[in-house]
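Open the model in your viewer and keep the sequence panel visible. The tour goes from one selection to the next and says what to look for at each stop.

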Amino acid sequence: QVHLVESGGGLVQAGGSLRLSCAASGRTFSTYAMGWFRQAPGKEREFVAAISWDGSSSQYVYSVKGRFTISRDNAKNTVYLQMNSLEPEDTAVYYCAVSIFATTMEPAYWGQGTQVTVSS
């Protein structure tokens, strides 16, 4: 059975940083793209960032470009999201996802989510 477990969320002041981690188990995900989505209260879940199977390419939603960085460690079956210069608008539950493709994000598996709250 596939499990994705996110960690690293919390409460931070505007301008601060957090690093999210997502550890995958149950199978090897090194040949699949991985990514992060988020869902704020009252809003639909939105794409945040994705990284290809080998880490050679990444994509970001415009609102986080230059502030967030996605990376992965295939030896550890883990994907990370470094979030800097956080803004109150970044407050959301952040979800890790594994794609069915190697280079583009089409979620097949989801984590349970981790709360990120940015205070002004």
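**Stop 1: the sheet.** In this predicted model, select strands 1, 3, 8 and 7. They form an open sheet of 4 strands in the order 1-3-8-7, and the pairing is antiparallel. Strands of a sheet pair through backbone hydrogen bonds, either parallel or antiparallel.

Now colour strand 1 (3–7) and strand 7. Why is one side of each left without a neighbour in the sheet? Both stand at the edges and have a single partner strand each, so one side of each has no neighbour there. Turn the sheet to look along it: from one strand to the next, the twist averages 15 degrees.

**Stop 2: strands 7 and 8.** Hide the rest and keep this pair. Strand 7 and strand 8 run antiparallel and are joined by 6 bridges. To find a matching position, select Ser71 and then Tyr80 in strand 8; the two stand opposite each other.

**Stop 3: the charged side chains.** Side chains of opposite charge can pair when their charged atoms come close. How many salt bridges does the structure hold? The count is 4. Show the side chains of Arg38, Glu46, Arg67, Glu87 and Asp90, which salt bridges link in a network.

**Stop 4: Arg38 and Glu46.** Zoom in on this pair. The closest N and O atoms of the salt bridge between Arg38 and Glu46 are 2.6 Å apart. Is Arg38 buried or exposed? Arg38 has 6% relative accessibility, so it counts as buried, the limit being under 20%. Glu46 has 31% and therefore counts as partly exposed.

**Stop 5: Arg67 and Glu87.** Select Arg67 next, then Glu87. Their side chains meet in a salt bridge, with 3.8 Å from N to O. Glu87 lies in the loop between strand 8 (78–83) and strand 9 (92–99), while Arg67 lies in the loop between strand 6 (58–60) and strand 7 (68–73), so the pair ties together parts that are 20 residues apart in sequence. Glu87 counts as partly exposed because its relative accessibility is 33%. Arg67, at 11%, counts as buried.

**Stop 6: Arg67 and Asp90.** Keep Arg67 selected and add Asp90. These two also form a salt bridge, and their closest N and O atoms are 2.8 Å apart. This pair links distant parts of the chain, 23 residues apart: Asp90 is in the loop between strand 8 and strand 9, and Arg67 is in the loop between strand 6 and strand 7. With a relative accessibility of 1%, Asp90 counts as buried.

Definitions and conventions: Residues are numbered from 1 along each chain as its sequence is written. This is a predicted model: local features need pLDDT of at least 70, side-chain atom pairs count only at pLDDT 80 or more; totals for chains, interfaces and linings use all residues. Side-chain values use heavy atoms; hydrogens and water are left out. Buried means under 20% relative accessible area, exposed over 50%, partly exposed in between (1.4 Å probe, protein chains only). Two strands pair if DSSP finds at least two bridges between them. Axes are lines fitted to C-alpha atoms, for helices over the stretch in contact, and angles run from 0 to 180 degrees between N-to-C directions.
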